[in-house]
Amino acid sequence: GSNNNRSRQNYKVHFGTVGIRQYERCLGDNPACSVGAPVSIGWKYRCLTPVSVDQYEESANSREEDTSSWTLSSEKRELMLLSLGYSLRELTNARFQIKDCQRERYETIYFINSYQYRVFGDRVETLSQCFRKLSAVATGAA
């Protein structure tokens, strides 16, 4: 109809600037941390000077970051946390809390898995009994 006859308008989207926030680093509580104390980001941040989208993309493309550099060794994390003012006791406490959380998760997984196997086993036994009864009825043994 008449909608097809309308000329299509060219719409353009323009982006202005990219705002970048730099967050504080702090002692974390992530139980996925396998060794050492985890580093997290806090609530405080500072806004860096806004840059145009083109400048941001140009600088991002020139960096070509190696993603393996995103992972910090436990030694680097703990040195970073110590330089931020955390004590050895705080780092040790965080490690113990994480190990407790990991243990609780493993116990939960074990409980869920063992419960599922028990329920599955009970259902298999019930089905076996039903098949035996059906078989006995079919052969006239009942």
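Of the 142 residues in the protein chain, 13% count as buried. The model is a predicted one. About 12,600 Å² of the protein chain is exposed, and carbon and sulfur atoms supply 53% of that area.

The protein chain contains four helices and four strands. Their order along the sequence is α-β-β-β-β-α-α-α. With a radius of gyration of 30 Å, well over the 14 Å that the globule rule gives for 142 residues, the protein chain is more spread out than a compact globule. Along the principal axes, its C-alpha atoms fill a box of roughly 85 × 75 × 25 Å. Among contacts with a separation of 6 or more, 64% involve residues 24 or more positions apart.

One aromatic pair is present in the structure. Its members are Y23 and Y45, whose rings are tilted, with 5.2 Å centre to centre and 50° between the planes. Y23 belongs to strand β2 and Y45 to strand β3, so the pair ties together parts that are 22 residues apart in sequence. The angle of 50° falls in the tilted class because planes count as stacked under 30 degrees and as edge-to-face over 60.

The two tyrosines are set out below.

| Residue | Strand | Relative accessible area |
|---|---|---|
| Y23 | β2 (residues 21-27) | 33%, partly exposed |
| Y45 | β3 (residues 39-47) | 39%, partly exposed |

Y45 has a further partner: the charged end of R21 sits over the Y45 ring, 4.1 Å from the ring centre. The ring of Y45 thus takes part in the tilted pair with Y23 and also lies under the charged end of R21.

Conventions
Residues numbered from 1 in each chain as written. Predicted model: local features only at pLDDT ≥ 70, side-chain atom pairs only at ≥ 80, totals over all residues. Heavy atoms only, no water. Phe/Tyr/Trp six-rings, centres within 6.5 Å; stacked < 30°, edge-to-face > 60°. Helix = DSSP H or I, 4+ residues; strand = E, 2+ residues; numbered from the N terminus. Buried < 20%, exposed > 50% of the residue type's maximum accessible area, 1.4 Å probe, protein only. Lys NZ or Arg CZ within 6 Å of the ring centre and 35° of its normal. Rg over C-alpha atoms; globule rule 2.2 N^0.38 Å. Contact = heavy atoms within 4.5 Å. Areas by Shrake-Rupley, 256 points an atom, 1.4 Å probe, with all protein chains shown as cover.
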